[in-house]
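Thank you all for coming; I would like to walk you through one model this morning, beginning with a single residue and working outwards from there. Please have the display in front of you as I talk.

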Amino acid sequence: MNYFFRAEKMTVGYHNKPLIENVEFALKKGEILTLIGPNGAGKSTILKSLTGQLELIAGTVYIGEGELLKMPGNLRSQKMAVVFTKRLHSELMTCEDVVATGRYPYTGRFGLLGDEDRRIIRQVMDMVNVTAIKDQDFTRISDGQRQRVMLARAICQEPEIIVLDEPTSYLDVRYKLEFLSILQRMKREKNLTVIMSLHELELAERVSDKILCINGRYVDRYGTPREIFTRGYISDLFSIESGSYDEESEDMELVRADGEPKVFVIAGAGSGRRTFRELQRKSVPFAAGIISRNDLDYPAAKALAAKVLAAESFEPVDDETLQSAKEQIDRCDTVICCREHFGTQEAYNEELWKYAQAAGKQIYTAEAWKNTRIGE
Ligand SMILES: Nc1ncnc2c1ncn2[C@@H]1O[C@H](COP(=O)(O)OP(=O)(O)OP(=O)(O)O)[C@@H](O)[C@H]1O
């Protein structure tokens, strides 16, 4: 296999003291690799070592057939752009000046910018949406704006590979999506290779070809998003104790209110999730049903309900589950019905609603229960 960028048997750390050993990966041109892992796991350390900002304790980094860290600085900068927004120092410069420094590998430190350089700078500033702030002092812009200016600077460098440390951490939702779209466009149009660290797992899952999981001692997993996001893995990697993360739905939930349920929530078709979370905020233990395992409500119910009555996906609800749901309603004082009307394939939930009515339960809609004293 013809790889464009390879890390072989890398040992990284500080003051010659290994932090993570045997880091290895190989990327084809145009692939996106993302490093994920808990705070302090070693993601930045690996990125700094790959780019030569921190001396490698052992191992080799290849770009093509050449050893990256043995290349002269200018050649390396033409091949690789580095964006470390966390630690940034700059003298008095406008945002445009900062973007323009991306052209140094081509013009030299004191070289004059030519028309072509200026055209690239303008085009890239437009693409990353920083033209409006180009004349502002770089030290007096927001963290998110700074991240975008630094991205523009890196793109101006016209590198073959770009290395970014937490490039999205300060970006709002619009700019996070724009950032990923820019990376995908650069990958498609220029065959750009990307190595970055991300804390947003849902973004990592969407954009990455490969993911490297670091846990503070070693590389725990390396593979495609499909290979990485298996059930229970993220909770393990991040040692999640307060709450839960569902790898299938990417739902993150706080700690469930445990205890004997006093409220039964009739949900389904995604109608119940908000109510589950509202009940969690009020520390009310609840039961939920009957929810198909492929329903949008299911991951949240599994994480937050003290008891879930579930049905197999695309299968009719069996009598046993219906009976258990009724028994659960018998034990509750209150029923919250999040369904405004029941679908024709949902007769079981309509039956539960009628059952609760016949049993004289207090029945509220998803809106109305909030005006009660439940959870107080
Ligand atoms: N300059 C340094 N000298 C010595 N140790 C350091 C230095 N910088 C970081 N470390 C240590 O190296 C370990 C890994 O840090 P690193 O910054 O690589 O983690 P990270 O995965 O990028 O974390 P985060 O998600 O919090 O940014 C930590 O234990 C940290 O304390």
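Let me begin with alanine 269, which counts as partly exposed because it has 17 C-beta neighbours inside 10 Å; by the definition used here, a residue is buried if 20 or more other C-beta atoms lie within 10 Å of its own, exposed if 12 or fewer, and partly exposed in between, with C-beta atoms placed from the backbone. This is a predicted model, in which local features need pLDDT of at least 70 and side-chain atom pairs count only at pLDDT 80 or more, whereas totals for chains, interfaces and linings use all residues. Residues are numbered from 1 along each chain as its sequence is written.

Alanine 269 sits in the loop between strand E13 (263-266) and helix H11 (273-281), where helices (H or I, at least four residues) and strands (E, at least two) are DSSP runs numbered from the N terminus. Although it is not a glycine, alanine 269 has a positive phi of about 55°. Glutamate 158 likewise has a positive phi, of about 45°, and is not a glycine; glutamate 158 belongs to the loop between H6 and strand E7 (161-165), and with 17 C-beta neighbours inside 10 Å it counts as partly exposed. Most residues other than glycine have a negative phi, and most peptide bonds are trans. On the second point, a cis peptide bond joins glycine 289 and isoleucine 290, with omega about -20°, and isoleucine 290 is found in strand E14 (residues 286-292).

Turning to the whole chain, the protein has 14 helices and 17 strands. Its radius of gyration is 27 Å, well over the 21 Å that the globule rule gives for 376 residues, so the protein is more spread out than a compact globule; the radius is taken over C-alpha atoms, and the rule is 2.2 Å times the number of residues to the power 0.38. Along the principal axes, the C-alpha atoms fill a box of roughly 85 × 45 × 35 Å. Buried residues make up 39% of the 376 residues.

What, then, does the largest nonpolar core contain? It has 67 residues, and those with the most contacts inside it are Val99, Val124, Ala152, Ile162 and Val163, a nonpolar core being a set of buried Ala, Val, Leu, Ile, Met, Phe, Trp, Tyr and Cys residues joined through C-beta atoms within 7 Å. Helix H6 (residues 143-156) supplies the largest share of this core, seven residues. A second, separate core of 35 residues includes Ile266, Ala311, Cys332 and Trp369. Returning to isoleucine 162, and leaving aside residues up to four places away in sequence, this residue touches Ala81, Val83, Ala154, Leu192 and Val194, where contact requires C-beta atoms, placed from the backbone, to lie within 7 Å.

Finally, the ligand: the residues around it are Tyr14, Leu19, Gly37, Asn39, Gly40, Ala41, Gly42, Lys43, Ser44 and Thr45, each with its C-beta atom, placed from the backbone, within 6 Å of the molecule. Helix H1 (residues 43-50) gives the most to this shell, with three residues.

Note on methods
Two residues are in contact if their C-beta atoms, placed from the backbone, lie within 7 Å.
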